Amino acid sequence: MLIYIIDMFGTAIFAISGVLLAGRLKMDPFGVTVLASVTAIGGGTIRDMALGATPVFWINDTNYLLVIFVTCILTMLIIRKPKRLPWYVLPVSDAIGLAVFVGIGVEKALKYNADPMVAVIMGVITGCGGGIIRDVLAREVPMVLRSEVYATACILGGIVHTSALEFNVQSSTAMLMGVATTLVIRLAAIRWHLSLPTFALNK
Amino acid sequence: MLIYIIDMFGTAIFAISGVLLAGRLKMDPFGVTVLASVTAIGGGTIRDMALGATPVFWINDTNYLLVIFVTCILTMLIIRKPKRLPWYVLPVSDAIGLAVFVGIGVEKALKYNADPMVAVIMGVITGCGGGIIRDVLAREVPMVLRSEVYATACILGGIVHTSALEFNVQSSTAMLMGVATTLVIRLAAIRWHLSLPTFALNK
Amino acid sequence: MLIYIIDMFGTAIFAISGVLLAGRLKMDPFGVTVLASVTAIGGGTIRDMALGATPVFWINDTNYLLVIFVTCILTMLIIRKPKRLPWYVLPVSDAIGLAVFVGIGVEKALKYNADPMVAVIMGVITGCGGGIIRDVLAREVPMVLRSEVYATACILGGIVHTSALEFNVQSSTAMLMGVATTLVIRLAAIRWHLSLPTFALNK
């Protein structure tokens with residue numbers, strides 16, 4: 001239940017990041033909603049399509065769509081001055097949503113009998129896939145593919161989650177350990193501006 | 001049956017819009033065919049993948065592919081001078097195809113027991129998804145996400161369609177009402193250059 | 001078995017092309033892995049999603065992911081000077097991988113009772129889809145949509161493959177004929193820089 005609430009919170013936060021990017025690109029309300037939606041539910045949709053877990057999750061539980069629509073409207077109406085918020089509110093909220101998304105993705109893949117390695121990847125897709133689609137639609141090279149400890153936090157969280165299960169840790173405890181790992185690494189990366197060295201080829 | 005004919009007509013019209021964009025980008029015949037195909041059947045493909053309605057529609061009915069191929073060849077051979085047509089022929093044809101695509105998408109989603117809200121979204125995906133993929137492949141910010149009453153026409157058509165069903169209107173009549181709504185709004189938008197205000201964030 | 005080995009070889013070669021493009025874009029190790037993965041398994045993933053062959057192939061056989069990860073690490077560590085290789089090594093390897101991917105795609109589609117025309121398209125998607133996603137993520141107009149005899153080789157190989165089956169040629173022989181066709185045409189295109197005339201619209 002707590003997971004479900006944080007899942008909805010993460011959906012709203014991811015939707016906001018879509019709205020803000022759409023605003024910078026001067027999109028119309030439909031474009032805003034599309035960008036918010038793909039950011040919030042795009043990753044999980046790819047995961048479910050690949051697993052064959054169809055109809056995909058938001059078809060069976062319309063709360064996701066409702067949360068996105070309400071978030072879009074509220075964000076467009078009220079939060080037009082994001083400067084008012086302390087700078088860390090959005091990244092920290094994003095980190096919380098991200099950590100839960102990864103945990104949910106890993107768990108769903110395991111429920112479909114995926115191998116632990118595949119489960120980690122499904123967790124990463126759930127957490128990062130939406131942001132990648134958002135950036136592609138907005139015609140940017142996806143931010144997450146460049147230099148920031150974002151996907152790495154997801155990978156490590158997923159590995160902790162699946163490894164704990166290998167050691168017979170109880171399912172919900174293992175998920176909590178994974179989520180905490182993703183969250184802590186991501187928060188540390190935000191706090192100290194950590195990034196991985198990039199791989200650059202000359203020419 | 002009439003629906004099926006208009007569906008094929010819409011497929012051809014959407015394919016033409018892909019061919020024309022490919023022509024501006026100086027693509028080879030394969031690129032032209034890919035752009036025409038994703039425009040014409042991309043939206044319905046995403047819809048079917050999300051619903052779990054696999055194999056997707058054009059695998060079971062190859063008429064869609066045949067219509068696309070013939071349209072590509074004819075467009076490349078004959079219509080190299082689109083200026084000859086009155087300006088409104090393509091947008092009006094596009095509006096007819098769009099309206100039917102939305103109706104088909106809504107109906108298919110309902111057949112898979114989707115909630116009315118989800119059905120409206122599936123209608124919008126069916127109508128607008130192909131054009132979005134086309135623009136992404138052509139490296140443009142999708143036109144439909146910016147300012148034009150295009151997606152809005154689809155949404156309103158889908159709402160009329162599903163609402164009519166809630167009031168126990170007969171299935172085919174409800175679809176007709178939805179299709180007519182999308183078409184009229186879209187034609188009005190073309191005629192009077194209607195567009196929604198955009199949501200723009202400074203900086 | 002031989003097919004399986006060449007399939008893994010092709011996976012590695014396609015992954016390398018993703019790594020090299022990621023290197024030019026100065027991506028971090030995660031971005032490198034994502035670009036390598038979508039190039040190597042993106043086409044087959046779309047094919048399986050469209051056919052309803054879920055979970056998609058790399059979920060059931062983790063060798064694909066292992067090959068990609070090892071290829072990424074080796075490529076980043078060792079082959080940082082691709083100039084050392086004779087120029088034709090990568091394109092010729094790519095042609096071998098491409099030809100086998102197309103054959104596998106055609107065969108899988110037929111196993112799911114697809115029409116021969118659909119099977120050819122599934123072969124093309126398997127061979128070319130990954131590279132298209134790679135280029136979209138890297139914000140380039142997909143190379144394969146422009147002027148080179150790349151997709152055309154796939155189409156002709158697929159047609160030979162399915163036509164041979166129509167004439168009751170044995171399944172593995174038909175696949176071999178198709179693969180050989182794709183390979184020979186692609187090698188000829190590399191050797192003599194063949195390309196199709198592009199379709200260009202003024203304005």
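A crossing of two helices is left-handed if the near helix is turned anticlockwise from the far one by less than a right angle, and right-handed if clockwise. The model is predicted: local features need pLDDT of at least 70, side-chain atom pairs count only at pLDDT 80 or more, and totals for chains, interfaces and linings use all residues. Residues are numbered from 1 along each chain as its sequence is written, chains are lettered from A in the order in which they are written, and side-chain values use heavy atoms, without hydrogens and water.

**Exercise 1. Describe how helix 5 and helix 8 of chain A pack.**

Step 1. Find the helices. Helices are DSSP runs (H or I, at least four residues), numbered from the N terminus. Helix 5 of chain A spans residues 89-111, and helix 8 of chain A spans residues 171-192.

Step 2. Take the geometry. The angle is about 145° and the axes are 9 Å apart. Axes are lines fitted to C-alpha atoms over the stretch in contact, and angles run from 0 to 180 degrees between N-to-C directions.

Step 3. Give the hand. The crossing of helix 5 and helix 8 of chain A is right-handed.

Step 4. List contacts (heavy atoms within 4.5 Å). Helix 5 of chain A brings residues including P91(A), A95(A), A99(A) and E107(A). Helix 8 of chain A brings residues including M175(A), L183(A) and R186(A).

Step 5. Sort by class. This contact has 14 nonpolar, 3 polar and 2 charged residues. Ala, Val, Leu, Ile, Met, Phe, Trp, Tyr, Cys and Pro count as nonpolar, Asp, Glu, Lys and Arg as charged, and the others, Gly among them, as polar.

**Exercise 2. Work out which relation links chain B to chain A, and what they bury between them.**

Step 1. Superpose by least squares on the C-alpha atoms of residues with pLDDT of at least 70 in both copies. Chain B can be laid on chain A by a turn of 120° and a shift of 0.0 Å along the axis, with an RMSD of 0.0 Å. That is the relation of a three-fold axis.

Step 2. Compare the surfaces. Only 9% of the interface residues of chain B are also interface residues in chain A, so the copies meet through different surfaces.

Step 3. Size the interface. Chain B and chain A each give 32 residues. They bury about 2700 Å², 74% of it on carbon and sulfur atoms. Buried area is the accessible area (1.4 Å probe) lost on putting two parts together, summed over both.

Step 4. Count salt bridges (a side-chain nitrogen of Lys or Arg within 4 Å of a carboxyl oxygen of Asp or Glu). The rule finds 0 between chain B and chain A.

**Exercise 3. Locate the cis peptide bond in chain B and the positive phi in chain A.**

Step 1. T54(B) and P55(B) are joined by a cis bond, with omega about -5°. P55(B) sits in the loop between helix 2 (29-51) and helix 3 (57-60) of chain B.

Step 2. R139(A), not a glycine, has a positive phi of about 60°. R139(A) is in the loop between helix 6 (116-137) and helix 7 (151-166) of chain A.

Definitions and conventions. Helix = DSSP H or I, 4+ residues; strand = E, 2+ residues; numbered from the N terminus.
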